[in-house]
Every structure is written in C-alpha cells, then in structure tokens.
Amino acid sequence: MKNNNKGFIAISLIYSFFLIFLMTLLMVALSYTKNRVLLNNVKNSIQEYLNNLSEFNPVTLENRSYLSGEEVKFGLEMWQVVEDKGNNVTLILKRNLTNEEITEALNVFSVDSAIQNDKISMCLNEPSTTFCNYYLGASLEYNYYNWNISLVKRVVEDWITKDATLQKAIATGKMLEMDFVDLTTKLSGEENRYQSYIRIPLIDEAEKIKDENIWYLSSSNHNTDGTSLISIYNTSGGVTTIPAHNSFKAIRPVINVQKAI
C-alpha cells in the first residue's frame, strides 16, 4: 500500500511539473506573439513616418517628354501635366484642395462665409481691409479684385509652406519661380505682375485643363457697383465671367518643375 502511495505521489509530481512546463511554454508563446505584434506595429509606424519625411521621398521629375493631361507623381502628390516647356514642366494638382486645407489657411481671418465645403469665393462678400471684397452697404465699401489680395492666393501659399516635400524641391532648385500677370491694372495702367512658386491655372491654360469647377487666374471686369467679375472656364461656352464675391469654385494649385539632369 505504501509503495502504491509512493507511486501515486511520484506520478502526481511528474504531471504537476509537466503541467507547469506546459503553462510556462504557453505563456512564453503568448508573450512572443504579443511582442511580435507590438514590434510590427512599431515597425509600420516608423515606416509610415519615414515615408512621409521629405528626405525619403526624392523630389525629381524624369527627363523625358510629357503630354498635356498626363498624370505624374511629384513629391507625395499626383499631378497632371499642363505644358512641357522643354527643360521644365508646368503641373497642376490632380485633386482639389480640401475644406480642411482651405479652412486652416484662413482660420485667423474668420471668413467662414467665404467657404462652402471644398470650394471658396475669390473675394469676400463683406467689408475687409485685407482681401478683395464687395459690400454694397451704407458706406459702399469694396476693394476690386487682384490676385495679390485674393482669398485663393492666401490659401495656395499657405498650402505650399506646409508641404515639406515641396519646400525641399524649392530649396534644391527642383521647382522654379513663375512669372505671371492677373491682367488687372495698376493705377499707372500697367499690369499687376507676380513671381511665385505657386499659383492657380491661368485662364489661357483653361483649354488644356478643361475643368469648369475651379478658379482660374484672370482679369477682372469692374462694374460700377463694385462687383469684380472673374473669368472662368465653361465647357459649353468657353470663357465666361462670374462675380468674385458670391461664386464658389475649387482650388487646384499649379507649380513649375525642373526636369532631372
């Protein structure tokens, strides 16, 4: 009987140690799996962070011929070719700027009435000393449109300053300044001329882009009541004009990119 008890105790100890061994093995396996998942998450986060850094996104454009309307990737965005100029290419952003991007650029100015979803008016429909505007009130306050005091100019310039990849392209000479006019005139009768790394498409480029839902850089015909009329593209009627203060269009920035040497 004693021998049977000793055998039972021995077997019990063996099973106990075996059970402890299995539990330890299971805990190690679970810990390994958890650590592997955590490591993969960290790895993916690091990879995403590195991919978003301008240093890990070469800013180059292949040295070849491009067709108008062709899609290309430059920096972190997809663009469409407006014109191949030989050593450089004019590109327009394939997408429209979002409501968030527009709102962020104009937050400090409290101009919510000028924004509708992903669209914006070119000028304000209220008094302003900062932007072009129309206000047919008791004081008849208004400023006629020119590009320099437009809401859209403020938005695209804010957008490019916040894009690290495009800033790298500017710093390394991959993007070129553009010379252009808005066809409005100064008091002296001369056209308002500008130099910038970013703009919106010129009205002369509308036939190549064929997008009637966006703003174009154009002249403004002034009515006697202070309304600024902006030229826009209409697929059914070519170039037409609309009021700058109560018409809403999307924004697609334009840049000029140097081809790789």
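The paragraphs below go through the nonpolar core, the disulfide and the enclosed space of this structure, which is a predicted model.

The largest nonpolar core has 60 residues, and within this core Phe74 and Ile120 are the residues with the most contacts. Helix H3, which covers residues 151-161, supplies the largest share of this core, namely 6 residues. The surroundings of Phe74 can be followed residue by residue: once its neighbours within four places in sequence are set aside, Phe74 is in contact with Val59, Thr60, Trp79, Leu91, Leu166, Ala169, Lys174, Met175, Ile255 and Val257.

The covalent link comes next. The structure holds 1 disulfide, and this bond is formed by Cys123 and Cys132, whose sulfur atoms lie 2.0 Å apart. The torsion about the S-S bond of Cys123 and Cys132 is about -90 degrees, and the disulfide is therefore left-handed. Both partners can be placed by their accessibility, given that a residue counts as buried under 20% relative accessible area: Cys123 is buried because its relative accessible area is 3%, and Cys132 is buried because its value is 0%.

The disulfide also leads to the enclosed space. A search of the whole structure finds 1 cavity of 30 Å³ or more, and the space in the largest cavity comes to about 30 Å³. Its lining includes Cys123 and Cys132, together with Asn133, Tyr134, Asn143, Tyr145, Gly226, Ser228, Ala244 and His245. By residue type, the lining of the largest cavity divides into 5 nonpolar and 5 polar residues, with no charged residue.

Methods. Residues numbered from 1 in each chain as written. Predicted model: local features only at pLDDT ≥ 70, side-chain atom pairs only at ≥ 80, totals over all residues. Heavy atoms only, no water. 1 Å grid on protein atoms, 1.4 Å probe; cavity = no way out; pocket = protein on both sides within 12 Å on 5 of 7 lines; lining within 4 Å. Points joined across faces, edges and corners; volume = space filled by probe spheres on them. Nonpolar A, V, L, I, M, F, W, Y, C, P; charged D, E, K, R; others polar. Disulfide = S-S within 2.5 Å. Buried < 20%, exposed > 50% of the residue type's maximum accessible area, 1.4 Å probe, protein only. Core = buried A, V, L, I, M, F, W, Y, C linked by side-chain atoms within 4.5 Å. Helix = DSSP H or I, 4+ residues; strand = E, 2+ residues; numbered from the N terminus. Contact = heavy atoms within 4.5 Å.
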